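Let's take a look around a protein chain together. Have the sequence and the 3D view open as you read.

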Amino acid sequence: MLLIKNGYIKTMAGPDLDNGSVLIGDDGKIAAVGQNLEAPAGCQVIDAQGLLVTPGCVDAHCHIGLDNEGMGWEGMDYNEITDPITPHMRAIDSINPLDEAFGLALQGGVTSACTGPGSANVVGGTFVAIKLSGKRVDKMIIKNPLAMKCAFGENPKRCYGQGAKRSPMTRMGTAALLREVLFKAKRYMEDKENDKNPAFDMKLEAMIPVLKGEIPLKAHAHRADDILTAIRIAKEFGVKITLDHCTDGALIADELAEEGLSAFVGPTLGSKSKIELRNKSFTTPAVLHEAGVPISIITDAPVIPLQYLPMCAGLAVNSGLDYEEAWKAITINPAVQTGIGDRVGSLEPGKDGDVVIWTADPLTTVGAEAFTTVVDGKIVYQVQ
């Protein structure tokens, strides 16, 4: 058992607790959160000494483990650029938990991440939600599959439509390819359900959970029209969708609020490296939130290294986002919006014992990092 005491606790499930405590049981689950908790016999105790204590941060969209640090082409395992339609790709088969990015993320207070294929393909394969501590991905999984990656805009066009002269060359082509695989998968699923025994098709099999509403499409979309095309296609097929990146979200905030969909905003730190990023701004989270759009802030790591997720939230605060909403955008919001809120994102009894004690508030202090990071009740990083 582990007791963290005397901290300033942001539970993300209710009011902050001054001089509070978090008790984690032998099962790695939070047993109690409150004030004046007693340490059971044999319990390990950490005195937080008034430091900020929060849930482990959660990134709703990145590529950690599929893009390895310092390995160049050999480490780039997140885009199968051989076919624009690859729904049968699975993130778990490319993740390298021994990559140094995992340790750096834990040092930065990020304990869970949704990671998966990149945006080269119209349909890229399935994302997975994992803990960032471990040696074997099978033992780190929170939820798998989590979502089916799809992409709109410049990336699929650039990978297939320029020198290769292959579809998609246009945004029309991207939409058509996505519709085609959804149509085919729908017919394939119906034939299976009606005992017509269609020939096995691994790509179409992979799309069935999307059509059944078990997982959403995870739509890479920056430009306003691409975002709305993604929504249009999701409505046509009655499937769930998340809006990832949402760079132009501020331009259509009223439309997105009307749809009631969540926006995963980022990566915002860095240069405007392509045309569809021209409206990239740290003001976007505030504009979307004020319009009533639920938001999460993402790094798209390695675009922004995962350990800088809290700093990105701080920069959004500096650009107008409410401080408390910024904390939600890197803890409980991404957890709930990706379907893992029953496990992570807040400090509540029954949830996983993922806790960070901070050297300083990372949303207000440049250079703040974890003093201690705990995952499933075990200390996985501690300042020496």
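Which elements do the buried residues of helix 7 pack against?

## Around helix 7

Before we dig in, keep in mind that this is a predicted model. Now to the helix: helix 7 covers residues 284–291, and Thr 284, Pro 285, Ala 286 and Leu 288 are buried in it. Those buried residues pack against two helices, namely helix 6 (253–259) and helix 8 (309–318), as well as strand 12 (263–265) and strand 13 (295–297).

Look just past the end of the helix, too. There you'll find Gly 292, which takes a positive phi of about 100 degrees.

## The whole chain

Time to zoom out. The chain has 10 helices and 16 strands. Its radius of gyration is 21 Å, close to the 21 Å that the globule rule gives for 384 residues, so the chain is as compact as a globular protein of that length. If you follow the C-alpha trace along its principal axes, it spans about 65 × 45 × 40 Å.

How much of the chain is buried? Of the 384 residues, 55% are. Sequence separation is worth a look as well: take the contacts between residues at least 6 apart in sequence, and 67% of them join residues at least 24 apart.

## Surface and charge

The chain's accessible surface comes to about 15,800 Å², and carbon and sulfur atoms account for 49% of it. As for charges, there are 36 positive and 48 negative ones, and the mean positions of the two sets are 6 Å apart.

## Strands 8, 9 and 10

Next, find strand 9, which runs through residues 141–151. Strand 8 (residues 123–131) pairs with strand 9 in the antiparallel sense, over 6 bridges. One pair to pick out is Ile 130, whose bridge partner in strand 9 is Ile 141.

Strand 9 is also joined to strand 10 (residues 217–221), this time by 4 bridges, and these two run parallel. Here you can spot Met 148, whose bridge partner in strand 10 is Leu 217. While you're tracing these strands, here's a handy general point: in a regular strand the side chains alternate between the two faces of the sheet.

## Helix 2 and its cover

Which residues of helix 2 are buried? In this helix, made of residues 154–161, they are Glu 154, Asn 155, Pro 156, Tyr 160 and Gly 161. Strands 9 and 10 turn up again here: both are among the elements covering the buried residues of helix 2, and so is helix 3 (171–193).

Technical notes: Residues numbered from 1 in each chain as written. Predicted model: local features only at pLDDT ≥ 70, side-chain atom pairs only at ≥ 80, totals over all residues. Heavy atoms only, no water. Rg over C-alpha atoms; globule rule 2.2 N^0.38 Å. Buried < 20%, exposed > 50% of the residue type's maximum accessible area, 1.4 Å probe, protein only. Contact = heavy atoms within 4.5 Å. Areas by Shrake-Rupley, 256 points an atom, 1.4 Å probe, with all protein chains shown as cover. Lys, Arg positive; Asp, Glu negative; His and termini not counted. Charge placed at Lys NZ, Arg CZ, Asp CG, Glu CD. Pairing = 2+ DSSP bridges.
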